[in-house]
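Reader: I would like to go through this model before I use it. Please keep the answers short and end each on what I asked for.

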Amino acid sequence: RRSSQRKLIQNQQQRLRSPQCSLDKPLDNHLDMQYRQVYCHGTAPTAINSHSVTIEAEDLNLSNYQLESNNAASGNQLITLLNSGSTQGIASAQFTGASGTYDVEITYFDENDGQGQLLVDIAGNQSNLSLDQNLGSGGVSSNNRVTTKIFSAVQINNGETLLIAGTANAGEWARVDKIEFIPVARSEEHT
């Protein structure tokens, strides 16, 4: 299972390295920037405040993942493998926030009717999550919406690749809501 996830990640990384997505290619105008954001990695992240950056899962570039509307999700949308025809999917983007040190949190739905997996890779840092808690629902609800810190004080540069590889199991559809980057103050990094 992990080898097929790694292969999906490698294929997506190659696509993001294509000439159309190169950060070395100069931007001629605002339309070039918009094209790169949409073609290469979906919509640019939305700032929650002047310090943190949130990327909604529905704004990521999706492979096998599908959009699902639900008011339990931020922005009333999430990504899912339900009805995708596949048990594995990739969601990817290039980080467009300021280079710096961040804590990273992911919000997902942990259903009680399977044991899905999420592999998150940001700039070569990886976190594996098992979706195996029994939070009382086999679907999407506020009761099984989980936010967890996956990285602490990790250096992330503008343009770094963000990949989420999901694996569904039984009725657990590896649903993801958002990922948040919270800057770490210099004083916090050394405590």
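Reader: What is the strand order of the open sheet of five strands?

Author: The model is a predicted one. In this sheet the pairing is antiparallel. Neighbouring strands are turned against each other by 15° on average, with direction ignored. The order is S3-S6-S11-S8-S9.

Reader: Which strands stand at the edges of this sheet?

Author: An edge strand has a single partner strand, so one side of it is left without a neighbour in the sheet. That applies to two strands, residues 61–63 and residues 125–131. They are S3 and S9.

Reader: Over how many bridges do S3 and S6 pair?

Author: S6 covers residues 88–94, and its pairing with S3 is antiparallel. Within this region Leu62 stands opposite Ala91 of S6. The number of bridges between S3 and S6 is three.

Reader: What is the mean pLDDT of the protein chain?

Author: Of the chain's residues, 72% reach a pLDDT of 70 or more. Residues 26–35 are below 50, and this stretch has five contacts in the model beyond near neighbours in sequence. Residues 42–50 also stay under 50, with 15 contacts beyond four places in sequence. The mean for the chain is 83.

Reader: Which element gives the largest share of the largest nonpolar core?

Author: The core has 31 residues, and Val104, Leu118, Leu162 and Phe181 touch the most other members. Elements that give two or more residues to it include S2, S6, S7 and S12. The largest share is five residues, and it comes from S10.

Reader: Which residues does the second, separate core include?

Author: In general, nonpolar side chains of soluble globular proteins tend to be buried together. Here a second core, separate from the largest one, has five residues. Among them are Ala73, Leu78, Phe109 and Val140.

Reader: Which residues is Phe181 in contact with, leaving aside its neighbours within four places in sequence?

Author: Phe181 is among the residues of the largest core that touch the most other members. Its contacts include the polar or charged residues His51, Ser52 and Asp103. Others among them are Val53, Ile55, Phe95, Tyr102, Val104, Ile122, Ile156 and, to end the list, Leu162.

Reader: Is Trp173 buried or partly exposed?

Author: Trp173 is in the loop between S11 and S12. Beyond four places in sequence, it touches Tyr65, Thr80, Leu81, Leu82, Glu111 and Ala168. Buried means under 20% relative accessible area. The value for Trp173 is 21%, so Trp173 counts as partly exposed.

Reader: How far apart in space are Trp173 and Val140, C-alpha to C-alpha?

Author: Val140 is one of the residues in the second core. In sequence, Trp173 and Val140 are 33 residues apart. In space, their C-alpha atoms are separated by 9.9 Å.

Reader: What is the phi of Asn76?

Author: Most residues other than glycine have a negative phi. Asn76 has a positive value. It lies in the loop between S4 and S5, and its relative accessible area of 43% makes it partly exposed. Its phi is near 60°.

Reader: What is the phi of Ala153, and where does Ala153 lie?

Author: Ala153 is partly exposed, with a relative accessible area of 41%. Its phi is positive although the residue is not glycine, with a value near 50°. Ala153 lies in strand S10.

Reader: How many residues apart in sequence are the parts that Arg175 and Glu68 tie together?

Author: The side chains of Arg175 and Glu68 meet in a salt bridge, 2.9 Å from N to O. Arg175 is buried at 4% relative accessibility, and Glu68 is buried at 15%. Arg175 is in the loop between S11 and S12 and Glu68 is in S4, so the parts they tie together are separated in sequence by 107 residues.

Reader: Which residues do salt bridges with shared partners join into one network?

Author: Arg175 also meets Glu111 in a salt bridge, at 2.8 Å from N to O. Glu111 is in the loop between S7 and S8, so this pair ties together parts that are 64 residues apart in sequence. Glu111 counts as buried at 0% relative accessibility. The network consists of Glu68, Glu111 and Arg175.

Reader: Which residue forms a salt bridge with Lys149?

Author: The structure holds four salt bridges, and in this one the closest N and O atoms are 3.4 Å apart. Lys149 is in S10 and its partner is in S7, so the pair ties together parts that are 46 residues apart in sequence. Lys149 is partly exposed at 44% relative accessibility, while the partner is buried at 14%. That partner is Asp103.

Conventions. Residues are numbered from 1 along each chain as its sequence is written. This is a predicted model: local features need pLDDT of at least 70, side-chain atom pairs count only at pLDDT 80 or more; totals for chains, interfaces and linings use all residues. Side-chain values use heavy atoms; hydrogens and water are left out. Two strands pair if DSSP finds at least two bridges between them. Helices (H or I, at least four residues) and strands (E, at least two) are DSSP runs, numbered from the N terminus. Axes are lines fitted to C-alpha atoms, for helices over the stretch in contact, and angles run from 0 to 180 degrees between N-to-C directions. pLDDT is the predictor's confidence in each residue, from 0 to 100. Contact means heavy atoms within 4.5 Å. Buried means under 20% relative accessible area, exposed over 50%, partly exposed in between (1.4 Å probe, protein chains only). A nonpolar core is a set of buried Ala, Val, Leu, Ile, Met, Phe, Trp, Tyr and Cys residues joined through side-chain atoms within 4.5 Å.
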